[in-house]
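Q: Could you take a close look at the aromatic side chains in this one and walk me through how they sit together? A bit of the surroundings would help too.

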Amino acid sequence: LPAYFDISLDGSCKILDYVNNLVPRTKYSKLYASLEVLFQQALPSFEAVYSYVRVIKPQIRYQNDEEIDYDDTDLQQPLERHTSLRGQKLQVITKIVDYELGPSSK
């Protein structure tokens, strides 16, 4: 389930509601704070990917439900237009996984 993240204009992040499987929030307050910092650190990368997709998407042609074609007739480097996610509320799906590798795992 998505949780709402409030992204301020300076890029800081605040989780507005509960994160699935991390309830009650008071019990996991340090983890919530860590998730907010992690999202804040990743925000420039999310903005870069989102900006790139917004430029490339018009060049993708959907022929039917199963086939996707890319219009490569004009292979110019797309003009980058930065799209900011700051000052918005975003729906974020979090997934926390704990991997434990044994000594023989590489």
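A: One cut-off up front: a residue is buried under 20% relative accessible area, exposed over 50%, and partly exposed in between. Also keep in mind that this is a predicted model.

With that scale, Phe 46 at 39% relative accessibility counts as partly exposed. Phe 39 comes out at 10%, so Phe 39 is buried. Phe 5 is buried as well, like Phe 39.

Now for how the rings meet. The ring-centre rule gives 2 aromatic pairs. Take Phe 5 and Phe 39: their ring centres are 5.1 Å apart and the planes make an angle of 55°, so this pair is tilted. Phe 5 sits in strand β1 (residues 3-7) while Phe 39 belongs to helix α1, so the pair ties together parts that are 34 residues apart in sequence. Then there's Phe 39 with Phe 46, again a tilted pair, with 5.1 Å from centre to centre and 40° between the planes. Put together, Phe 5, Phe 39 and Phe 46 make up one aromatic cluster.

Where does that leave the neighbourhood? Glu 47 is part of helix α1, which spans residues 29-56. Here's a fun one for an acidic side chain: Glu 47 has 2% relative accessibility, so Glu 47 counts as buried. Leaving aside residues up to four places away in sequence, Glu 47 touches His 82, Thr 83, Ser 84, Leu 85 and Arg 86.

Another aromatic residue to look at is Tyr 18, found in the loop between β2 (13-15) and α1. Its relative accessibility is 45%, so Tyr 18 counts as partly exposed. Tyr 18 joins Leu 1 and Val 23 in a nonpolar surface patch of about 340 Å².

Zooming out, the protein chain has 1 helix and 5 strands, and from the N terminus on these run β-β-α-β-β-β. Of its 106 residues, 21% count as buried. As for the contacts with a separation of 6 or more, 54% come from residues 24 or more positions apart. The accessible surface of the chain adds up to about 8,700 Å², and carbon and sulfur atoms hold 53% of that.

So if you're panning around the model, go from Phe 5 in strand β1 to Phe 39 in helix α1, and then on to Phe 46, the partner of Phe 39 in the 40° pair.

Notes:
Residues are numbered from 1 along each chain as its sequence is written. This is a predicted model: local features need pLDDT of at least 70, side-chain atom pairs count only at pLDDT 80 or more; totals for chains, interfaces and linings use all residues. Side-chain values use heavy atoms; hydrogens and water are left out. Helices (H or I, at least four residues) and strands (E, at least two) are DSSP runs, numbered from the N terminus. Buried means under 20% relative accessible area, exposed over 50%, partly exposed in between (1.4 Å probe, protein chains only). Contact means heavy atoms within 4.5 Å. Patches are made of residues with over 30% relative accessible area and no salt bridge: like charges are joined within 9 Å, nonpolar side chains (Val, Leu, Ile, Met, Phe, Trp, Tyr) within 5 Å. Accessible areas come from the Shrake-Rupley method with a 1.4 Å probe; for residues, only the protein chains shown count as cover. A salt bridge is a side-chain nitrogen of Lys or Arg within 4 Å of a carboxyl oxygen of Asp or Glu. Rings of Phe, Tyr and Trp (its six-membered ring) pair if their centres lie within 6.5 Å; planes under 30 degrees apart count as stacked, over 60 as edge-to-face and the rest as tilted.
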